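User: Could you take a close look at the ligand site of this model and tell me what surrounds the ligand? I would also like to know how the rest of the fold is packed, as far as the coordinates allow.

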Amino acid sequence: MEIKIALAGNPNSGKTTLFNILTGSNQYVGNWPGVTVEKKEGKYRQDKDVTICDLPGIYSLSPYTLEEVVARDYLVNERPDAILNIVDGTNLERNLYLTTQLNELGIPVVIAINMMDVVEKNGDKINIEKLSEEIGCPIVEISALKGTGIDEAASAAIKAAKSGRKIPEYIFSGALEHTIAHIEEAAVHSMPEDEQRWYAIKIFERDKKVIGDLKLDKSVLDHIEQDIIKIEKSFDDDSESIIVNERYNYITGIVAKCYKRRHEGRLTVSDRIDSIVTNRILALPVFAFAMFLIYYISIGSVGNWTVEFMNDTLFGEWIIPAVTGLLTGWGVQDWLVSLVADGIVGGVGAVLGFVPQMLILFLLLSLLEDCGYMARVAFIMDRIFRKFGLSGKSFIPMLVATGCGVPGIMASRTIEQDRDRKMTVMTTGFIPCGAKMPIVGMIAGALFSGSALIAVSAYFFGVGAVIVTGIMLKKTKLFAGNPAPFVMELPAYHAPVAANIFRTTWERGWSFIKRAGTVILAASIVIWVLNSITFDSGIHFITEDSHGTSILEYIGNAVAWLFVPLGFGNWQSAVATVLGLMAKEQVVGTFGTLSSMASADLAAQGNAAMYSVIADEFFGGSGLAGFSFMIFNLLCAPCIAAMGAIRREMNNWRWTVGTIAYMCVFAYSVSLIIYQLGCWFTGAGNVPGTIFALAVLGVMLYMILRKNKYAGRTVRPGEVK
Ligand code: GDP
């Protein structure tokens, strides 16, 4: 008799190792029909009538990833004679989550608990008989690596295959089981009894694919929907999450009875750290404090010192005097000296001045990432984001974006749900990337004596913009619906690996330096030229005895009026903002060149002199205007490279233009509110501006607070296109 056995298990559970031993060299490797996921099949080396099919490694049978779809299509449509479920014994809880789903299929399941060598080495004990009885299927202990228990597992699977189908057991709480029984009765009554439960649960989860395949009557579906809504109300959760929770409750109960750790009750170091950093109340303050510390060190204290060193000593005392000395020594013309000293060194130097600060920031961020803390933050954020209908998965692209927005936006690819992915692409650009940090450092240094609070506020304004956008968009039809459940493993903390940290820090820093030598260099020259020539009374260079309004000033003024309500309606800020779209560092580069050109020899006078020109001449000494400028530049359209990434990920021009327009309007609104309302505290409040700001604030508050018409409606992937 031909027997087909499917090998199923989580990624990294040892499936490949087991499959290779079971099949020896009788393997066939190909692709699953229609997709590029690897398909492996082979004959059991002890019995050629038995074919073993290796399914892709999966955590669940949901319809969200290709691997899951492939695995579940095979199980549901081909219905193998038995499933050999390989379970990592060192991680029972997570692995049994899949087991509960395999058990629902009505196909006999045999569990092979793998990694028993490790379990034993740890001194832990699994009560196999009890576990087998509780979970309702035979269990064999194996070690795929050591080759123990393999043939016992295969024999058990063959025996189970011969014993035939099996009706799945009830594992959920009473009310839920009642509803599922009801769905079985109403929708899948005509199916073989052993297959009904899986379909009923999928209908309960509103699984689009299953419901579509079943072609149920609308009246039946409406009737079932009433039942589901009733249960959702009483559990105060959506149907899919209810099932997830019930599965975990069931498993936790079983594992507590059957698994004895040697150090029962003794928490590992990781557990103890997690009890604080992922604590419901402490998690956010701890995260805020960690970010504060990072920005305090990188931008505030040590960072400030490095900027002063770079600008005062390196550029001010060494490079600029040397370069100008050299050029004058060669007898070159004054204008060329100015181009090099003010234009190039002023612009590129201002940007490079922030390199050490950025390296420190990147170093600290990669430290937190490498030791495992950032994974916890995604988990903490999931709790918060979920309230607003976003998934914690969206936080991972944002984490990447603290380095650079481009890979950040690309990282959103891992989000399966179309609307969640779009929303993540729309919001990732709000997070202050490395190139925006010099803007923050410059404003903090020029107007707030280097306060770390300004830098921290930049980060939290970014995260706030993401959350506010999430809340507003979730209440629109386009984005309505609950996020897919987010399951992630929290790896144990470990000491950071120096090589990893230095590599990521260097990669991020180096791309910044490269841009300074190319884009910023070119832009600085263009700025210098445009700011040195005037059309007034015939085109000519501006010199000490031939004044005039530079071309750049004309161009800047043509745009500057737009920013008057935001407090920085001067031509220099307008030029800097527009050029910032090329690369965000260029905002600082522009200020560097312009301030250097504003007074003779300024570049050589160092950091404090440059800051005072920026503060007094560009922002009229108003910290509020500077802050509003900073926030606008952080939140408005990202640089050209990031816009390209948005275009690629959205794959649609309307969405791309919509995203950029949204970011600009949002940035404008926030800066307007900050500046106009802030003016009342500095004694400069004006009535028309305040009315304008209050109107905008009113609209935003309405969009945030209005009732969500679409609450509770779960949208499946692919529904919003
Ligand atoms: P798959 O991703 O499920 O196919 O897992 P692999 O077969 O690639 O195994 C993942 C890792 O676990 C590999 O490094 C294996 O060597 C290791 N591994 C597999 N089985 C065992 C086992 O029984 N004991 C130990 N200690 N390691 C194992």
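Analyst: What follows starts at the ligand, moves to one aspartate, and ends with the nonpolar cores. Please keep in mind throughout that this is a predicted model.

The shell around the ligand is made up of 15 residues, and of these Asn12, Lys15, Thr16, Thr17 and Asp117 come nearest. Sorted by character, the shell holds 5 nonpolar, 8 polar and 2 charged residues. Two helices, α1 (residues 15-23) and α4 (residues 116-122), each supply at least two residues of this shell, and it is α1 that gives the most, with 3 residues.

Several close approaches can be followed atom by atom. At serine 13, a backbone N or O atom lies 3.1 Å from an oxygen atom of the ligand, and at lysine 15, a backbone N or O atom lies 2.9 Å from an oxygen atom of the ligand. Serine 143, by contrast, takes part through its side chain, where an N or O atom is 3.0 Å from an oxygen atom of the ligand. As for overall cover, the ligand has 580 Å² of accessible area on its own, and the protein covers 69% of that area.

Turning from the ligand to a single charged residue, aspartate 207 is found in the loop that runs between α8 (residues 193-204) and α9 (residues 208-214). Aspartate 207 counts as buried because its relative accessibility is 3%, which falls under the 20% cut-off. The side chain of aspartate 207 is joined to the side chain of arginine 72 by a polar contact of 2.9 Å. If residues up to four places away in sequence are left aside, aspartate 207 touches Pro63, Arg72 and Lys202.

The nonpolar packing can be described through two cores. The largest nonpolar core has 119 residues, and the members that touch the most other members are Tyr295, Tyr373, Phe395, Phe619, Met630 and Phe666. Helix α21 (residues 452-474) gives the most to this core, with 12 residues. A second core, separate from the largest one, has 61 residues, including Leu92, Ile107, Ile171 and Val255.

For a closer view of one member of the largest core, consider tyrosine 373: leaving out residues up to four places away in sequence, tyrosine 373 touches Val277, Val286, Phe287, Ala290, Leu368 and Tyr493.

How values were computed: Residues numbered from 1 in each chain as written. Predicted model: local features only at pLDDT ≥ 70, side-chain atom pairs only at ≥ 80, totals over all residues. Heavy atoms only, no water. Core = buried A, V, L, I, M, F, W, Y, C linked by side-chain atoms within 4.5 Å. Buried < 20%, exposed > 50% of the residue type's maximum accessible area, 1.4 Å probe, protein only. Helix = DSSP H or I, 4+ residues; strand = E, 2+ residues; numbered from the N terminus. Contact = heavy atoms within 4.5 Å. Near = heavy atom within 4 Å. Polar contact = N/O pair within 3.5 Å; in protein donor to acceptor, adjacent residues only side chain to side chain. Areas by Shrake-Rupley, 256 points an atom, 1.4 Å probe, with all protein chains shown as cover. Nonpolar A, V, L, I, M, F, W, Y, C, P; charged D, E, K, R; others polar.
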